[in-house]
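Thanks for sending this one over. I have gone through the fold piece by piece and put my comments in numbered points, so you can follow along with the model open beside you.

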Amino acid sequence: MIQVENLYKKYYVKQYRQGLMGGIKDLIKPVWQDKEAVKHINFNIEKGEVVGYIGPNGSGKSTTIKMLTGILTPSDGKVLVNGLEPYKDRKKNAMNIGVVFGQRTQLWWDLAIRESFELFKYIYRVPDSIFNENLNKMIELLSLNEFYSTPVRQLSLGQRMRAEIAAAFLHSPSIVFLDEPTIGLDVVAKEQVRSFLREVNKEKETTIILTTHDMDDIEQVCDRLLMINQGVLIFDGQMKSFIDTYGNERIITVQFEKPIPNVQFEFGSVLSNEGNKVKILFQKEHVSATKIVQELSRKFPVVDCHLEEPKIEHLIRQVYEGRS
Ligand SMILES: Nc1ncnc2c1ncn2[C@@H]1O[C@H](COP(=O)(O)OP(=O)(O)OP(=O)(O)O)[C@@H](O)[C@H]1O
């Protein structure tokens with residue numbers, strides 16, 4: 001459904017000189033500098049996939065999404081969305097896709113949600129039966145009823161976001177791009193949005209590309225992860241494979257029959273030793289949890305043990321910080 005080949009985008013950024021003379025020079029002879037935002041990335045997305053597109057601030061996520069939706073023209077490389085080049089076939093492409101930019105509204109500020117949706121129906125030429133079916137589903141799944149007749153400017157952020165998301169799905173698009181769809185939402189509204197996305201994907205096989213800084217969105221909604229850093233795609237794979245690739249560290253808590261003070265192990269480092277419980281950090285590629293428990297129980301009677309899987313949020317933070 002989406003083919004991205006060698007995609008590259010650079011912006012031209014005006015450099016500002018200091019002082020009054022600098023300001024005058026800027027007017028007469030501005031200096032421009034290249035800013036590479038996306039550097040030759042490649043990926044394909046199949047129908048029905050839910051892909052999390054993540055990366056630190058300024059890494060090139062929004063720039064990529066803008067090229068996929070036809071808002072920006074690539075400086076080099078190729079994008080095909082449903083067989084169309086988005087920046088050349090903007091209108092045709094727009095009929096097949098839905099878009100939510102969390103920071104911007106696509107609804108009409110002074111119109112009630114009801115009227116905005118009617119306008120979308122007209123713009124996208126949605127047949128009555130499909131519109132009514134979609135609308136009823138969204139009203140139910142996103143609890144739109146309580147503010148359906150309220151003008152957008154009077155809505156809270158959470159209410160507006162739910163309406164924005166509904167608007168993006170009204171014309172049954174085959175692909176939906178969501179840029180920070182849960183930004184500023186409370187935990188209940190976040191959960192509502194996530195289960196809505198899962199439900200629509202399951203029922204209609206809608207392809208969803210989601211950029212977010214909320215790792216719960218990624219864990220709960222996405223099957224696949226694309227990670228970009230400084231414009232370079234650094235990971236493309238299933239969530240499990242991300243954990244396997246970056247999640248080499250494991251923590252095991254072993255409970256002994258009685259306390260073992262000053263205990264040392266050659267196969268890992270002791271994080272804590274309180275009461276009769278010892279917490280050990282180890283590298284799974286060097287030693288298995290079974291081996292640790294076997295070795296320990298040979299020396300001291302073991303009562304219980306608990307193995308912690310690495311948290312995806314922790315792993316992603318490590319990658320962003322360059323520690324992994
Ligand atoms: N219109 C623009 N003109 C010049 N530079 C830009 C423009 N838009 C983005 N950039 C730069 O391109 C780089 C990538 O920006 P982009 O908005 O794609 O990042 P992002 O991953 O979406 O960031 P965030 O998570 O903060 O939203 C950044 O260094 C940014 O400063």
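The points below go from the sheets to the ligand, and then to the cores.

1. A word on the model before anything else. What you have on screen is a predicted model, so please read the comments with that in mind.

2. Let's begin with the sheet that holds E1. Three strands make up this open sheet, in the order E2-E1-E4, and their pairing is antiparallel. Strand E2 (31–45) and strand E4 (76–81) are at the edges with a single partner strand each, so each has one side without a neighbour in the sheet. From one strand to the next, the twist averages 30 degrees.

3. Now for the pairing within that sheet. E1 (residues 2–15) and E2 run antiparallel and are joined by 11 bridges. Two pairs will help you find your way along them: Ile2 is opposite Ile45 in E2, and Gln15 is opposite Val31 in E2. E1 also pairs with E4, again in the antiparallel sense, over 5 bridges. Look for Val4 here, whose bridge partner in E4 is Val79.

4. Which helix packs on this sheet, touching E1, E2 and E4? That is H2 (residues 61–68), and its direction makes about 120 degrees with that of E1. Of the 8 residues of H2, 7 are buried, so the helix is largely enclosed by the rest of the structure. The buried ones are Lys61, Thr63, Thr64, Ile65, Lys66, Met67 and Leu68. If you colour the helix by burial, note that the list includes two lysines, Lys61 and Lys66. Just after H2 comes Gly70, which takes a positive phi of about 90 degrees.

5. The ligand is probably where you will want to zoom in. Around the ligand you will find Tyr11, Val13, Lys35, Ala37, Gly55, Asn57, Gly58, Ser59, Gly60, Lys61, Ser62 and Thr63. E1, E2 and H2 are the elements that give two or more residues to this shell. The largest share comes from H2, with 3 residues. Sorted by class, the shell has 3 nonpolar, 7 polar and 2 charged residues. Lys61 and Thr63 are worth picking out, since they belong to the shell and are also among the buried residues of H2.

6. Strand E3 (residues 50–54) deserves its own point. How many of its residues are buried? The count is 5 of the 5, so E3 is largely enclosed by the rest of the structure. Val50, Gly52 and Ile54 point one way from the strand, while Val51 and Tyr53 point the other way, and all are buried.

7. E3 also has partners that run parallel to it. With strand E7 (residues 207–211), E3 pairs in parallel through 4 bridges. With strand E8 (residues 224–229), E3 is joined by 4 bridges, and these strands run parallel too. Tyr53 is a handy residue to click on: it stands opposite Thr211 in E7, and its bridge partner in E8 is Leu226.

8. Next, the nonpolar cores. The largest has 58 residues, of which Ile165 and Phe177 touch the most other members. Helix H6 (residues 157–169) gives the largest share of this core, 7 residues. Leaving out residues up to four places away in sequence, Phe177 touches Ile65, Leu68, Thr69, Ile97, Val99 and Ile209. Two of those contacts, Ile65 and Leu68, take us back to the buried residues of H2. There is also another core, lying apart from the largest one, with 7 residues that include Phe256, Val278, Ile280 and Ile292.

9. My last point is about the other open sheet. Its 4 strands have the order E11-E12-E10-E13, and the pairing is antiparallel. Strand E11 (269–274) and strand E13 (302–308) are the edge strands, each with a single partner strand, so one side of each has no neighbour in the sheet. The twist here averages 20 degrees from one strand to the next. Strand E10 (residues 249–256) pairs with strand E12 (residues 277–283) over 7 bridges in the antiparallel sense. Within that pairing, Ile251 has Leu281 as its bridge partner in E12.

Note on methods: Residues are numbered from 1 along each chain as its sequence is written. This is a predicted model: local features need pLDDT of at least 70, side-chain atom pairs count only at pLDDT 80 or more; totals for chains, interfaces and linings use all residues. Two strands pair if DSSP finds at least two bridges between them. Axes are lines fitted to C-alpha atoms, for helices over the stretch in contact, and angles run from 0 to 180 degrees between N-to-C directions. Two residues are in contact if their C-beta atoms, placed from the backbone, lie within 7 Å. A residue is buried if 20 or more other C-beta atoms lie within 10 Å of its own, exposed if 12 or fewer, and partly exposed in between; C-beta atoms are placed from the backbone. A residue is near a molecule or strand if its C-beta atom, placed from the backbone, lies within 6 Å of it. Ala, Val, Leu, Ile, Met, Phe, Trp, Tyr, Cys and Pro count as nonpolar, Asp, Glu, Lys and Arg as charged, and the others, Gly among them, as polar. A nonpolar core is a set of buried Ala, Val, Leu, Ile, Met, Phe, Trp, Tyr and Cys residues joined through C-beta atoms within 7 Å.
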